Structure formats: structure tokens, C-alpha cells
Amino acid sequence: MGEARAATDQAGAAREPEVVNLRPPSNRYDSRVVGWWRARLALGFAVVITPLVILGLLISPARIWLLTPAAIAGVIGLVLTVALPTWWYRVHRWEVTERAVYTRTGYFWQSWRVAPMSRIQTVDTTRGPLQRAFGIATVTVTTASSAGAVAIAGLAHDDAERVSHELTLITDATPGDAT
Amino acid sequence: MSAPPELSGTGPAHREPATADDDAPWQRLDVRTVAVTAVVFTGIAVLGGVPTTIGVGSATSVGTALAWVLPGAGLLIGVATLTDYVRWRRTRYRVTATHVEVRTGVLFTSRLRLARERIRAVDLSAHILLRWLGLVRLAVGTGEQGGGGAASQALVLNPVPRGEGERLQEMLLDRDVAGSDSRDARRLATWRARWVWYAPLSLWTMGIAAVLIGVAFQVTDWFGRGDLIVRVVLDLAATHGWGRVIAVGLLLVLVVAAVTAIAFQLEAWWDYRLDRERGGMLRVRRGLLTSRSVSLEEDRIRGVDMVEPLGGRLAGAARVQVVATGLGSQAEAQTGLSTLLPLAPRAVAQQIVREIIGPPAHEVSLHPHPRGALIRRLRWAGWIILALVLGWVGLFALGPVPVWALAGAAVLVVVLIVASLRHAYDAASNLGHALTPALLASRRGSIRRSTVVLHREGIIGWQVRQSIFQRRLGLATLVAVTAAGRGRYPVVDGSVAQIQELADQEMVGLLAPRGEGSGAGAPDGGAPG
């Protein structure tokens, strides 16, 4: 794979840009979303590690076989919990433009999504218990397609309220059945 | 306009008060449905009962077996028939000036009111018993998305007399004919018997062969002789040699499978007709034993998908599926409902595509995708080849494996390597797309090559995707989102310049930042961009 990379790098430099040139959406998520992502990751790892640790303390003959994976998972979990959300925060962006809802996510698998206003059917705001603790909410914009939903999963509560209210007004005023 | 937004898509008819039209008389379904149910369940009882009797009878005695099976069968038939009789007694329907209504239910009465202006399709179907009795099953579809197949056939009358069914179909679909009648009513395609020869070319034939072998073992097992087939094969091999037995056996299974595939195709597509009817409707009628009639409003068509399965493509055949809203779930969209033309010569398929899409279809000529797309596919093939070779080495390292097994595995590995390389080249050369003022076309796939042509106005969302691997090859993927068909129709692995061009045409206009004083103030998120 290494030499293929070198070859394409050379060719790519001569030919054309390698990244699709779409301007990034203007807004970042609310910075508290980092805390929410951390909490979710930490909980996810805790679900794996806690039983291992408890069993390891109870069953002495198998202790080494239970605590070692627990320790490994703990280290990996710690690193990911610290590093990933900061990373995610840098790559998630969103914007409500004049005519569309626009998001960009990912770096290794970068994805730009656009849902035109005139096609939006529903606007949902959800706040899970964990999200509530961090003061954030998810706004999901659904179109008539099963594949067309655009989610902005990390807005401050009042931003989410405002965005969803605005979008509801705009889509209500748009005629047609949006298919 | 303070209603929640989800109501905005379903039309105003929901909220109309139910007055004025309460004078239409309630009608019943055809009572012969009870007889049909009795016959159907008698058939089921015989099919299930005979093997059971033989199975139980061979263990005990025929008398004992019958003593168990006969009352069971009687109970099954009786309960089913009684249930259907009660259903018939309790079901009433009527068609008023504005609505279709059905009342049904035994313990919990349900009453279904469907606004006639929301009706998008009325389908008649009749299996062989219904046809003998001159009955049809009538299903009304509203074109609602979401909720899968059940929602797309909102209302079913099963059964009504054929004449009544046709009258209802005519009546329910006969709306504002005057305005939308831009293209003449005429026949677009008719069944040709020779099309049926394309059927065995499908990969399904292999599947059918496997099922047939399974069924053979199952049937012999019912008779308590599960090892019969194995013993027969061993005996034959002992007298004629393995080579000949395997060759003849394979041939036999394939022939039987091909015949089965042809039979299925005949049953499904016999007497197929595709009509454009007045009022902007397409109608597919087909079927040998079960006759089906699917009608489709042309307003709901968002595009067309010309599908060429590998076998069919080699024989120059293609199938045409419609991309339309309200045809139900993905699963349904893949099967019969959305098929406008069965496997038929490519020229016929292209003709149908042009008919459905209209004049702009002539402007479509696909641009191929760059070399990077081939490199990406060759890399995928490389991983498969690596896994195959490692698998073979693993087999070799495993120890005492007979030489013929190693040789056989090696041949298989080589064949699969060639196939995966061939697939990579074919898949890459099949990639292509085109953008005209009215249409977006995209082609992809090798084992199932699919050429999708979408009306641009039917596209309700966009996505551009670029993975790190695509970035290094200068590739990207653009996904057109529709409310119809599979929902996502990607242009896969175009060059960045090609995808950029599509994005510039379609997306960038939507991304103009908000001006001053528009709406309730632009949200500016948290941290500065």
C-alpha cells in the first residue's frame, strides 16, 4: 500500500485538488457537547470494564485473566475518552442557510449533507437524560426520504429551541408535500 | 398554519367533517370468500396431513395416525372457515363522494376512512381460485411513505366480484383527468414468449437448485428414508465412476432449476402488458395463475432504474424498475411492485426508459469515472485474494489433507482470484454518471449493474462523501436523496472535479449564507468558526 500512496501523491499533486471544495458550515457544536461525548464513551467502557473487575475480585483463580483485559480496556478507554471528543468537536459543523440545513461531519470519512428547506417535513428536538445534564440537545431534520434525515447532535438548549422553531415556521410556510 | 409540520404532507382531507355523504349504502364483500378459504385450508390440511400420516403411520399404524390427523385437519379447516365467515359478516364498505370507508372487526370494530383524493393506486389481483369464481382482491394505496408495506396498501377489499372491482378501480382513479392528459393513452410493451429464456440466466437459478436439493432430502426424510439419496448416489458412483455421476448430476440439477426458474417467470409475467392510461397512470398487468394489476400515477415517478443482472447483461437483456414514491418499503421496491418490464432485450428496456422519462432521456450520455476508481476496486480485490491465498496456505499447513483436496482448493482459489480481478475491472468500467438540465443519471455495479435516471426535481437532499482512501485517489461520492425507491442513489467514485461539478450545480446554490434580517435571527452556535 505504501508505494501506491507515493504514486498517487505524485500524480495528485500534478493533477487536481484531492478534496471536494465545499465551504464548511459556519457553526461548531456547542462546546459542552465534548463533555457529553466523553460521558458516553466513559459509560460505554464502564459497562465492559466493571463486570470484569467485579468478577476478577471475586474469583481469585481467574483474577489475572479478568483484570488484565480490564486494565487494557481501561487504558484504551481513557485514551479514547480524552482524545476522540476533542477531535470530533473539531470536525462537526452545522449551519442553517437561507435555503437549506447543512452539516459536515467526519475526517477520515468526511460527509457533507444538505437538506433543502422546501423538502423538510419534520423537525424534532430530543434531549436525553445525559444530554440534559450537559445542557445540550439534538435537532433532527427529516425529509420524505428514509435516507434524508440530517441530525445536528450537539446544540445548546436555547439554540436548539430557536433553530427548530425557525425551521418549523419556514417549512410550514412552504407549499407542497415535499416529495 | 400552526399545525405540526408532519400534517402538512398528508393533505387537508383528514380534517373534513363527515357530513353530507352519509347516504351512500354500505355494501358487503362477496360471500364466496368463505368457500375460497375452506378450499385453501383443505389444501393446506392435505399438504400437511399426508406426510404427517405417513410419518406417524410408519411408526405406529395407519389407523392411529388417521385418528390424530383427521380431527386436526377438520379443526383447522373449520376454524379457518368460521373465522372468514365472521370476517365476511362483520365487514362493510362504501364509497361516498369524498371517501372510501371500511368497517370491520369482531371484538374491536375498526372503521377506516380514506379520502379519495389521497388515493394513488388501486390494484386488482386474483389467485387462481378467485379467478375461477370471477372474484378479485382490491387494494387501495395512498402513496404514504414510511411504515413500510402495510401503510402503502391502506385499504383492502378481499374479495369483490371482478366487475365491481373494475368499476371501483375506474371510479377511484378517475380524477381531474382533463388537466394532466398530456401524453396519449397507449400500450408501451407487451409480453413476448421468448423473453422467458432470460429467466434461467439469473443467479436465482443457483438458489433454486440448492432449494431443490434441500427439498429432495426433506421429502425422503418424511418417509423415514433420509439417507436414500446418499445411498443411491454412492451406488451409482460405484458402477459408473464419480466423474460421470457428478457431471450428470450437476447437469440434471441445473436443468431442473432452469425449468423451475422459467416456470416462475411464466407464472409471474405471462400476458404482461404495460399501458399508459388516460389521467397520467401507468398500469402493469400480468400473471398466469395469479393475475396482478398494478397501477401507478406518473406524477409519483421520480426516475427509472435499468437493472442488468450479470447473466442477463451477457445475453443483452435488462429489466426496468420504476423509482416512485409510495411504492412501500425497500423490500417491496426490490420485488414485483416496482418492476415495469421483466428481463427483456436491452433495446426494449431502453425504449421503456425513454417513454417513462420523456424527451430529456435522449440527452443522457454517461461520463466514465477516473482510473482511481479502478485502483480502489483492485485494492478491494487484493484483500479478497490475500484472504483466499491465506486460506489455502492455512489448509496446507493444517497437515494431513489429501492431495486431491489441496489441488481442488487451489483450482477454486485460482478461479476466484480471476473472478475477483475481472469483477474489479468490470465494476470500474461500469461506473458513470451524467447531468442534464432535467436529469441525473448514475450507473454502477457488476453482478447487478444498475443505471438510474432521476428527475432532478425529485431529488430532495444531497450528500457528498469522501473517505481518506478516496481522498488519496482524488475520488469522491455524491449521493442523491429521494423520497422514492431505495432513497439513496449514489454517484460512486467520480473524480473530485466531476463530483465538484455536480455539487456546484446542485448544492452550492443552497448554501448561500443567510442575509441580514431573515427569519428570527441567525443562530451563531458556540465557538467562532
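This passage walks through salt bridges and one helix pair in a predicted model.

Salt bridges make a friendly starting point. Side chains of opposite charge can pair when their charged atoms come close. Counted over all chains, the structure contains 26 such salt bridges. Three of the pairs and one network are described here in turn.

In chain A, A:Glu161 and A:Arg127 form a salt bridge, with 3.2 Å between the closest N and O atoms. This pair links distant parts of the chain: A:Glu161 belongs to helix α5 (residues 157–172), while A:Arg127 sits in the loop between β5 (120–126) and α4 (129–133), 34 residues apart. Neither partner is buried. A:Glu161 has a relative accessibility of 41% and so counts as partly exposed, and A:Arg127, at 34%, is likewise classed as partly exposed.

Turning to chain B, strand β12 (residues 301–309) supplies B:Asp305 to a salt bridge with B:Arg486, which is in the loop between β20 (475–482) and β21 (488–495). The N to O distance in this pair is 3.6 Å, and the two residues are 181 residues apart in the chain. Their surroundings can be read from the accessible areas. B:Arg486 is partly exposed, because its relative accessible area is 23% and the buried class ends at under 20%. B:Asp305, by contrast, has a relative accessibility of 3% and therefore counts as buried.

Strand β12 of chain B also holds B:Glu308. The side chain of B:Glu308 meets that of B:Arg449 in a salt bridge of 2.9 Å, N to O. Because B:Arg449 lies in strand β18 (residues 448–455) of chain B, the pair ties together parts that are 141 residues apart in sequence. Here both partners, B:Glu308 and B:Arg449, are buried.

Chain B also offers a case that goes beyond a pair. B:Arg94, B:Glu101, B:Arg111 and B:Arg113 are linked in a network of salt bridges.

The remaining feature concerns helix packing. Two packed helices are described by the angle between their axes and the distance between the axes. In chain A, helix α2 (residues 33–58) and helix α3 (residues 63–91) have axes that come within 9 Å and cross at roughly 180°. The two helices, α2(A) and α3(A), are therefore roughly antiparallel to each other, since an angle over 145 degrees falls in that class. Sorted by class, the residues in the contact of α2(A) with α3(A) comprise 23 nonpolar, five polar and two charged ones.

Methods: Residues numbered from 1 in each chain as written. Chains lettered and ligands numbered in written order. Predicted model: local features only at pLDDT ≥ 70, side-chain atom pairs only at ≥ 80, totals over all residues. Heavy atoms only, no water. Salt bridge = Lys/Arg side-chain N within 4 Å of Asp/Glu carboxyl O. Helix = DSSP H or I, 4+ residues; strand = E, 2+ residues; numbered from the N terminus. Buried < 20%, exposed > 50% of the residue type's maximum accessible area, 1.4 Å probe, protein only. Axes fitted to C-alpha atoms, helices over the stretch in contact; angles between N-to-C directions. Parallel < 35°, antiparallel > 145°, perpendicular 65-115°, else oblique. Nonpolar A, V, L, I, M, F, W, Y, C, P; charged D, E, K, R; others polar.
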